[in-house]
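Here's a set of exercises to work through with the model open in your viewer. Try each task before you read its solution.

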Amino acid sequence: MAAPDLVPVARALISVSDKTGLIEFAAALSQMGVEILSTGGTAKAIAEAGIPVVEVAERTGFPEVMDGRVKTLHPVIHGGLLARRDLDHHVAAMDEHGIAPIDLLVVNLYPFEATRARGAGYDESVENIDIGGPAMIRAASKNHDFVTVIVDVEDYAPVLEEMRANEGATTLALRRKLAATAYGRTAAYDAAISGWLAGEVGEVFPRRFTLAGSAPQVLRYGENPHQQAAFYRTTESRAGVSTAEQMQGKELSYNNLNDTDAAFELAAELDDPGIAIIKHANPCGVAVAGSLSEAWDAALACDPVSAFGGIVAANRRMDAATAEKIAAIFSEVVIAPDFDPAALEVFAAKKNLRVLKTGGMPDPTAAGLMVKNLAGGLLVQSRDAGRVTQAELKVVTKRAPTEAEMRDLLLAFRIGKHVKSNTIVYVKDGSTAGIGAGQMSRVDAARIAAIKAKDAAKAAGWAEPRTVGSVAASDAFFPFADGLITVAEAGATAIIQPGGSIRDEEIIAAADERNLAMVLTGMRHFRH
């Protein structure tokens, strides 16, 4: 049967944990002559506002029991939500059993996600799993031909707008849209519960894996103008682009968000005051120093050409001196945990510059999952939270690294973790000297990084590139000695790499011949 377009709302059931806008919404319904059914705290709030309300227990003839676990799980409620008004036997069953139709359901669920986010224990988390709410939402959504369902506060206004425009009725188009939203909400809710329980029993990869996001930010376009895109936030509470406050600037684009995430995650790896400059998700300059201002100078010097139009991430509160230097060139985004007021004043002159304040730094060693979409499937893996320490390194050459070389080696390997494979990263005195990213050949990555260093030296008027006297990191092992030889020819004096090649002995011998120090990590950092 064809569904009717306009369906009047005569009776509504409201049961909400988030009471934002509740009284105004209930008052508007009451003024339009809608009978309101409700439960527990929601009914109390509505009644205290002087709005007529009927307790669900009064309608069902059955009290709330088991600490409120059972209150709406009753045929009078679910029959009122599920009955088709155009089927005679459904109407007859309603008449026989005293079931009144419910035309509008308003439910936002027990705050399970918020409960987990604040670190509640197991028992409290379980008690915040809603049962009756999802059951009613699913029932109302299934019967959207006749029932309007609201699960988000922001949908109060459009429903009232339609009812006012249509003498108390809603349209089929709106009911279908709200039903889709409602099923999305219950799916996300169940995904959060399932993910939590799986973690509680030690399952990293449960039998069924569900992704859920909310609060979509529809973007102007995707990676390219002919692609559509949106940014969804998950329940993971990790400082970064998803939690940041945009202080100024144009709307963030798909590429802005992707690159800014890459920049901030890299900045989080830096222990001292540090700056990471990112272009197309790859770093083009990274440095640590005694201050952000000094770190900016060193990071920019690595590749000032690529830095134009890049993303700048800092791991400390941004000061005005650093802001002045950043503002001197064109950047798309600046992201930091906080900003001095004077720094924000500096950036205010750059109206289009996006400035993001995160309020904190993410933990680079924290566990988490990464997801990549494939045709017909998902690739899921744990976040690359690996981090080697000096004590874990194995010196395999005749010469051991000096203390200064060791500091730079560890930094270079951390940076290499955030560069697309294959990669070679040269570091000298706490800053990148050259970066070779995303090459099919490791030798080419070493060569490109060295070429970049020569270009930087020429632009700065230096006598020699900063790869001379630097150290180098490789994200994976050298399959042949040619890559190591290329690094040595660029002027590097020490190398850090995972090891594990069948030619390790040949590569170690090549390092010894050139008086290079080399350490093995036993851990690689492929990034695709």
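**Exercise 1. Find the largest nonpolar core and its best-connected residues.**

Solution. Keep in mind that this is a predicted model.

- Start with the count: the largest nonpolar core holds 47 residues.
- Next, look for the hubs. Ile14, Leu29, Leu81 and Leu105 have the most contacts inside this core.
- Then ask who supplies it. Helix α10, running over residues 172-200, gives the most, with seven residues.
- Now zoom in on one hub. Skipping neighbours within four places in sequence, Leu29 is in contact with Ala12, Ile14, Val34, Ile36, Leu104, Leu160 and Met163.
- Finally, look elsewhere: apart from the largest core lies another one, of 40 residues, and among them are Phe231, Ala244, Val388 and Leu410.

As background, nonpolar side chains in soluble globular proteins tend to be buried together.

**Exercise 2. Which residues form a nonpolar patch on the surface, and where does Phe209 sit?**

Solution.

- List the members first: Val204, Phe205, Phe209, Leu211, Leu369, Val371 and Leu378.
- Add up their exposure, and together they have about 600 Å² of accessible area.
- Now place Phe209: it's in the loop between α10 and β8 (214-218).
- Check its accessibility. Phe209 has a relative accessible area of 31%. Partly exposed runs between 20% and 50%, so Phe209 is partly exposed.

**Exercise 3. Describe the overall build of the chain.**

Solution.

- Secondary structure: the chain has 19 helices and 23 strands.
- Radius of gyration: a compact globule of 528 residues would come out near 24 Å, but this chain has 30 Å.
- Dimensions: along its principal axes, the C-alpha trace spans about 95 × 50 × 40 Å.
- Burial: 49% of the 528 residues are buried.
- Contact range: take contacts between residues at least 6 apart in sequence, and 57% of them join residues at least 24 apart.
- Surface: the chain exposes about 24900 Å², with carbon and sulfur atoms supplying 53% of that.

**Exercise 4. Track down some unusual backbone spots in loops.**

Solution. Go through the loops one by one.

- Begin with the peptide bond between Ser421 and Asn422. That bond is cis, with omega at about -10°. Asn422 belongs to the loop between α16 (403-416) and β19 (424-428).
- Move on to Ala281, a non-glycine residue with a positive phi of about 70°. You'll find Ala281 in the loop between β11 (274-279) and β12 (282-288). Its relative accessibility is 8%, so Ala281 counts as buried.
- Finish with Asn515, another residue other than glycine with a positive phi, here near 60°. Asn515 is in the loop between α19 (504-513) and β23 (517-520). At 49% relative accessibility, Asn515 counts as partly exposed.

**Exercise 5. How many salt bridges does a search of the whole structure find? Pick out a few and see what they connect.**

Solution. The search turns up 24 salt bridges. In general, side chains of opposite charge can pair when their charged atoms come close.

- *Arg84 and Asp86.* Their closest N and O atoms are 2.9 Å apart. Asp86 is partly exposed, at 24% relative accessibility.
- *Lys325 and Asp297.* The N-to-O distance here is 2.8 Å. This pair links distant parts of the chain, 28 residues apart: Lys325 is in helix α14 (residues 320-327) and Asp297 in helix α12 (residues 292-302). Both ends count as partly exposed, Lys325 at 29% and Asp297 at 39% relative accessibility.
- *Glu332 and Arg354.* These side chains meet at 2.6 Å, N to O. Glu332 lies in strand β14 (residues 331-336) and Arg354 in strand β15 (residues 354-357), so the bridge ties together parts 22 residues apart in sequence.

**Exercise 6. Are Glu332 and Arg354 buried or partly exposed? Then find a salt-bridge network.**

Solution.

- Compare each value with the cut-off: buried means under 20% relative accessible area.
- Glu332, at 22%, is partly exposed.
- Arg354, at 3%, counts as buried.
- For the network, follow shared partners: salt bridges join Glu269, Asp271, Arg387, Arg414 and Lys417 into one network.

Terms used. Residues numbered from 1 in each chain as written. Predicted model: local features only at pLDDT ≥ 70, side-chain atom pairs only at ≥ 80, totals over all residues. Heavy atoms only, no water. Core = buried A, V, L, I, M, F, W, Y, C linked by side-chain atoms within 4.5 Å. Buried < 20%, exposed > 50% of the residue type's maximum accessible area, 1.4 Å probe, protein only. Helix = DSSP H or I, 4+ residues; strand = E, 2+ residues; numbered from the N terminus. Contact = heavy atoms within 4.5 Å. Patch = residues over 30% accessible without salt bridge, like charges linked within 9 Å, V, L, I, M, F, W, Y side chains within 5 Å. Areas by Shrake-Rupley, 256 points an atom, 1.4 Å probe, with all protein chains shown as cover. Salt bridge = Lys/Arg side-chain N within 4 Å of Asp/Glu carboxyl O. Rg over C-alpha atoms; globule rule 2.2 N^0.38 Å.
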